[in-house]
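Please look over the sequence and the fold shown below before reading on. The report that follows deals with enclosed and open spaces, then with the nonpolar core and a few individual residues.

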Amino acid sequence: MEREPDFIKIVQSYYSFVDQGNIDALLQLFDQKIYYKRCALELNGMQEFEKFYRQNRSISGQHTILHMLFDENGIVFVEGKFEGAWRDGTPLAIQFADIFFFNSRGFIQERHTYTDQGNVCLTTFWSFTFRPYGSYRIP
């Protein structure tokens, strides 16, 4: 039970670091063998993951967390919305679901992202017996 709030704090920190553009701090949350699946994109290892955030990420803006659930095994589910812009300035507003998998050392080992632009039914994730953490806006 003690680890659960740590998982939540780490995930909250992740979104804050992304929104602030603090890539150095963001990378410290992830294991060196990170696997990241974002729709059709798959990244393996810290080198690919870091390159994505430093060079290839094409959006910037603000995340708002609508729901956050976790289990005792180090899995955190997040449903939220993102409002911002593409790199060329075109406005962007999407809803997303993220799943974070933590390893035994407390690092994020794996992350999956799904968006409403990929015909994903976000409500499917909330039918499990996880404890809700609440809603908040990233400061």
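In this predicted model, the count comes to one cavity of 30 Å³ or more. The largest cavity holds about 100 Å³ of space, and of the 14 residues that line this cavity, Arg38, His63, Phe96, Arg111 and Thr113 are the closest to its centre. Strand 1, strand 3, strand 5 and strand 6 (108–115) each supply at least two residues of that lining.

There is also an open space to consider, since a pocket can be described in the same terms. About 200 Å³ lies in the largest pocket, and its lining is made up of 13 residues, with Arg38, Ile59, Trp86, Ile94 and Thr115 lying nearest the centre. The elements that give two or more residues to the lining of the largest pocket are helix 3 (46–56) and strand 5 (91–102). Arg38 is thus named among the residues nearest the centre of the pocket and among those closest to the centre of the cavity. The table sets out the make-up of the two linings.

| Space | Nonpolar residues | Polar residues | Charged residues |
|---|---|---|---|
| Largest cavity lining | seven | three | four |
| Largest pocket lining | seven | four | two |

Turning to the fold as a whole, the protein has three helices and eight strands, which follow one another along the sequence in the pattern α-α-β-β-α-β-β-β-β-β-β. Of the 139 residues in the protein, 46% are buried, and the exposed area is about 7700 Å², of which carbon and sulfur atoms supply 51%. Among the contacts with a separation of 6 or more, 53% are accounted for by residues 24 or more positions apart.

In soluble globular proteins, nonpolar side chains tend to be buried together. Here the largest nonpolar core contains 34 residues, and Phe49 and Val76 are the members that touch the most other members. At least two residues of this core come from each of helix 1 (3–20), helix 2 (23–27), strand 1 (30–38), helix 3, strand 3 (59–70), strand 4 (75–86) and strand 5, and the largest share, eight residues, is supplied by helix 1. When residues up to four places away in sequence are not counted, phenylalanine 49 touches Leu26, Leu27, Phe30, Ile34, Tyr36 and Leu43.

Two tyrosines may be considered in turn. Which element holds tyrosine 53? Tyrosine 53 is found in helix 3, and this residue counts as buried because its relative accessible area of 6% is under the 20% cut-off. Leaving aside neighbours within four places in sequence, tyrosine 53 is in contact with Tyr14, Val18, Ile23, Leu26, Tyr36 and Arg111. One of these partners, isoleucine 23, is 30 residues apart from tyrosine 53 in sequence, yet the two are 6.9 Å apart in space, C-alpha to C-alpha. Leu26 and Tyr36, also in contact with tyrosine 53, are touched by phenylalanine 49 as well, while Arg111 is one of the residues closest to the centre of the largest cavity.

Tyrosine 114, by contrast, has its place in strand 6. Is tyrosine 114 buried or partly exposed? At 23% relative accessibility tyrosine 114 counts as partly exposed, because that value lies between the 20% and 50% limits. The C-alpha atoms of tyrosine 114 and alanine 97 are separated by 5.2 Å, although the two residues are 17 residues apart along the chain.

Note on methods. Residues numbered from 1 in each chain as written. Predicted model: local features only at pLDDT ≥ 70, side-chain atom pairs only at ≥ 80, totals over all residues. Heavy atoms only, no water. 1 Å grid on protein atoms, 1.4 Å probe; cavity = no way out; pocket = protein on both sides within 12 Å on 5 of 7 lines; lining within 4 Å. Points joined across faces, edges and corners; volume = space filled by probe spheres on them. Helix = DSSP H or I, 4+ residues; strand = E, 2+ residues; numbered from the N terminus. Nonpolar A, V, L, I, M, F, W, Y, C, P; charged D, E, K, R; others polar. Core = buried A, V, L, I, M, F, W, Y, C linked by side-chain atoms within 4.5 Å. Buried < 20%, exposed > 50% of the residue type's maximum accessible area, 1.4 Å probe, protein only. Contact = heavy atoms within 4.5 Å. Areas by Shrake-Rupley, 256 points an atom, 1.4 Å probe, with all protein chains shown as cover.
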